[in-house]
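This report describes one protein chain, from its overall make-up to a few of its residues. Please look at the sequence and the structure before reading on.

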Amino acid sequence: MNVEEEVERLKEEIQRLGKIQPDGSYKVTFGVLFNDDRCANIFEALVGTLRAAKKRKFVTYDGELLLQGVHDNVEIILKPTPVPAAAATAAS
């Protein structure tokens, strides 16, 4: 699995485990992600995948390196998916 595929899987898992916010984003804590059995089976390096997603501006969280235990309560926010321009004009 390449980095792009892993980031897409991460987005799906954050949506599955997180809570949707009024702005369309999803919020989950690092501890919930890290301790989830399904995530443990999908991601060899969850922290690396999170960093790749942050670099691509899909997610945001405080800090650079998240460590299990120490950073379990750090909130990871999956930014809302922008609506494609064609879909936005068709809806109006």
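Of the contacts in the protein chain between residues at least 6 apart in sequence, 49% join residues at least 24 apart. The model is a predicted one. The protein chain contains five helices and four strands, and from the N terminus on their order is α-β-β-α-α-α-β-β-α. Of its 92 residues, 32% are buried. The surface that the protein chain exposes comes to about 6,000 Å², with 53% supplied by carbon and sulfur atoms.

**Helix H4 and what follows**

Which residues of helix H4 are buried? In this helix, residues 46–55, they are Leu46, Thr49, Leu50, Ala52 and Ala53. These residues lie on the same side of H4, because they cover an arc of only 160° around the axis. Their cover includes helix H1 (3–17) and helix H2 (30–35), as well as strand S3 (59–60) and strand S4 (75–78).

Just after H4 comes Lys57, in the loop between H4 and S3. Most residues other than glycine have a negative phi. Lys57 is not a glycine, yet its phi is positive, at about 65°. Lys57 is also exposed, as its relative accessible area is 61%.

**Salt bridges**

How many salt bridges are there? The count comes to six. Three of them are listed here.

| Pair | N to O distance | Relative accessible area of each residue |
|---|---|---|
| Arg56 and Glu4 | 3.0 Å | Arg56 32%, Glu4 44% |
| Lys11 and Glu8 | 3.1 Å | Lys11 16%, Glu8 38% |
| Glu75 and Lys27 | 3.7 Å | Glu75 40%, Lys27 28% |

The salt bridge of Arg56 and Glu4 links distant parts of the chain: Arg56 is in the loop between H4 and S3, Glu4 is in helix H1, and the two are 52 residues apart. Arg56 is partly exposed, and Glu4 is partly exposed too.

Lys11 and Glu8 both belong to helix H1, where they are three residues apart, about one turn of the helix. Lys11 is buried, because its relative accessible area of 16% is below the 20% limit. Its partner Glu8 is partly exposed.

The salt bridge between Glu75 and Lys27 also links distant parts of the chain, with Glu75 in strand S4 and Lys27 in strand S2, 48 residues apart. Glu75 counts as partly exposed, and so does Lys27. Elsewhere, Glu13, Arg16, Asp36 and Arg38 are joined into one network by salt bridges that share partners.

**Two more loops**

Is Ser25 buried or exposed? Ser25 is buried, with a relative accessible area of 4%. Ser25 sits in the loop between strand S1 (19–20) and strand S2 (26–29). Its side chain makes a polar contact of 2.6 Å with the side chain of Asp23. Beyond the neighbours within four places in sequence, the residues in contact with Ser25 are Lys19, Ile20, Ile77, Leu78, Lys79 and Pro80.

The other loop, between S3 and S4, holds Leu67. Leu67 is partly exposed, at 41% relative accessibility. Together with Leu65 and Val70, Leu67 forms a nonpolar patch on the surface, and the three residues have about 280 Å² of accessible area together.

Methods: Residues numbered from 1 in each chain as written. Predicted model: local features only at pLDDT ≥ 70, side-chain atom pairs only at ≥ 80, totals over all residues. Heavy atoms only, no water. Buried < 20%, exposed > 50% of the residue type's maximum accessible area, 1.4 Å probe, protein only. Arc of directions from axis to C-beta. Contact = heavy atoms within 4.5 Å. Areas by Shrake-Rupley, 256 points an atom, 1.4 Å probe, with all protein chains shown as cover. Polar contact = N/O pair within 3.5 Å; in protein donor to acceptor, adjacent residues only side chain to side chain. Patch = residues over 30% accessible without salt bridge, like charges linked within 9 Å, V, L, I, M, F, W, Y side chains within 5 Å. Salt bridge = Lys/Arg side-chain N within 4 Å of Asp/Glu carboxyl O.
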